[in-house]
Amino acid sequence: MMRLLRWWVGLWDRREAGTSLALVRILLGMVVLIDLLQIVRFDLAVPFFAPLEHGGLAAILDRPTVPWLYRWFEPGPGLAWGALWVAIGAAACTVLGLGTRVAVPLLLALLAVLSLPVPPADRGIDMLVRNALLVLSFSRCGAALSLDALVLRRRLVPDVLVPSWPRYLLGLQLVVLYTAAGMNKVATLWLPPDWSALFVAMRDPAFGRIDYTALLDGPLFHLTRALTAVTWTWEWAALVLPLLWWWRDTPDRGGRLRTWSNRVNLLWWYLLIGGLFHLGTHLTMRLGIFPFAVMSLYPAAAHPDELARLWRRVVGRLRPAV
Amino acid sequence: MLRSLLIGLVVLVHGTIALPWPDLKPRDLQYGVAQDELKRGVTLLEQVGIHTTKDELADDLLAVGRGSKRVQKVLHGPFRPILRATGTGQSWGLFAYPDPYAGRLIVRTQDADGAWTERYRAPGQGDPDMVALLQYRRVRGIYDDNGDRPKAGFFYDRMCDWLGARILAAEPDVQQVEIRFDLVTIRKPGDRRPAVPEEPRHVRTISRSDVAWRLRLLGQDVPDAPTVAPPVGP
């Protein structure tokens, strides 16, 4: 028992280079930034964030608990636009790594409070974004690939180690996201012998990129059934991720499965399939920021040393070509 | 040590929130997809020798749902304020129940001569600006769940008013805006049931006098019409 406890304490006390977390910060920040700029593009700040009497969709001031933003500041179109632009600024600073310690929690606080007026406009993916921002708020995600690092340490990737636990939590978030999604898929459409879930989802006029009626009624129907089975299996397979991480972390322990998994890079294959799955759903369906927000967490699944090795390989291959 | 204990607590709380809690409520059963699932559930149970009816199965599932709520209240209740303040949580379905009775959003406008013009038809047909706006994920979130609802969601009506006012303010020639869903029954290849024609639902027709208070906020006065927001809802 004491050994397990020591392992647990030691696990969350580890340190590593800050590049994995920095990549998550940059990618997630970009997704949020683009999404918030869409609100500007469509002139939606007032309908989404102003009270009803000022042109909003929600009677936010009549609710039993008025959110802090609307108690602390004068509610109206000015506040709606002001809060949005501050959030955009915080997202930009998050991407650039400028004042990261302030920018990330500020962005989280604003996204959380701005989600309250019109709950249906706040999707599951917004919750995932906030989960990740909460973890990043307590991390040193600005220690690398940031203006902070450039100003304070004169290097984009300074020689400092940051706590690993935020990266572990973000990795676990991916496991929870996929596994829970798999476990919740108990509708018969997801299960054999039906397997028509993707077919039905793609035909939903709210989500299909085009009207797939004619296209999917042919042999492609069976392709969607196969992909339904793959999706369901792949989501459940996320349960194996912690094992893959442990195997990669302890290659010296040996064992045939561990050695084989590390040699063929099962982890990378899982992430590659995930990337293809998300890109595929993005190309065929209108899912907003979902695919990109989820994939922005992928760097957390890899140790920074592995990412550095991958980077060196890519650069090494590109260099002779250049 | 303290950090590892706190992280352990966080992992435990979020891990249990993410479990597939069977939170079934009576209103969930009003959806066509829920009725289909009940029917299939009864058939499956019959096949393993358990005899039940759709109503009995629904009652049993609702009882499980109530029990699930009680357990979650005890387990997660103390952490709810933190989750709410940070807007965080773990409830992931990712199309857990794809809807074979989906809604096709349609927007039409009526000119001064009385002619109706279709401006948007899901998926992706119509005026490019309207298509981009209505397919933006946050806007879509307000309406995409309404196709098979017996009664449209609260924010759907507000969205109709807002969208109607937006169109009426930008286009003086438009007299009325109609927003509706056409209920689409998605049939799989080989489905022997006869095709079901699309059926209009939640039809909202918005004229200038209906949204005079919104138009006034947009700088347009409508004579003899109320100019303050209706006092209702959340």
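1. L147(A) is partly exposed in this predicted model, its relative accessible area being 32%. The residue belongs to helix 8 of chain A. Because buried status requires a value under 20% and exposed status a value over 50%, the 32% of L147(A) places this leucine in the intermediate class.

2. L147(A) is also one of the residues of a nonpolar surface patch of about 710 Å². The other members are L96(A), L98(A), L150(A), V151(A), L152(A), L156(A) and V157(A). Helix 8 of chain A, which spans residues 147–153, contributes 4 residues to this patch, the largest share.

3. As a general background to the next point, nonpolar side chains in soluble globular proteins tend to be buried together. Here the largest nonpolar core comprises 133 residues. Within that core, L36(A) and F48(A) have the most contacts. A second core, separate from it, has 9 residues, among them Y31(B), V33(B), L38(B) and L57(B).

4. Which residues does L36(A) touch, leaving aside those up to four places away in sequence? In chain A they are L84(A), A87(A), I88(A), A91(A), L107(A) and L111(A), and in chain B the contact is with R138(B).

5. The interface of the two chains brings 62 residues of chain B into contact with 82 residues of chain A. About 6,400 Å² is buried between chain B and chain A, and carbon and sulfur atoms account for 66% of this area. On the side of chain B, W92(B), R137(B) and R138(B) provide 13% of the area buried against chain A, more than any other three residues.

6. Charged pairs are present at this interface as well: 7 salt bridges are found across the contact between chain B and chain A. R138(B) is paired with D35(A) in a salt bridge, with a separation of 2.8 Å between the closest N and O atoms. R138(B) thus appears in three settings: the salt bridge with D35(A), the contact with L36(A), and the group that supplies 13% of the area chain B buries against chain A.

7. A last point concerns T185(B), which lies in strand 4 of chain B, residues 176–185. Is T185(B) buried or exposed? T185(B) counts as buried because its relative accessibility is 15%, and the limit for that class is under 20%. Not counting residues up to four places away in sequence, T185(B) touches P100(B), Y101(B) and V196(B). D148(B) is 37 residues from T185(B) in sequence, and their C-alpha atoms are 9.8 Å apart in space.

Notes. Residues numbered from 1 in each chain as written. Chains lettered and ligands numbered in written order. Predicted model: local features only at pLDDT ≥ 70, side-chain atom pairs only at ≥ 80, totals over all residues. Heavy atoms only, no water. Patch = residues over 30% accessible without salt bridge, like charges linked within 9 Å, V, L, I, M, F, W, Y side chains within 5 Å. Areas by Shrake-Rupley, 256 points an atom, 1.4 Å probe, with all protein chains shown as cover. Salt bridge = Lys/Arg side-chain N within 4 Å of Asp/Glu carboxyl O. Helix = DSSP H or I, 4+ residues; strand = E, 2+ residues; numbered from the N terminus. Buried < 20%, exposed > 50% of the residue type's maximum accessible area, 1.4 Å probe, protein only. Core = buried A, V, L, I, M, F, W, Y, C linked by side-chain atoms within 4.5 Å. Contact = heavy atoms within 4.5 Å. Buried area = accessible area lost by both parts, 1.4 Å probe.
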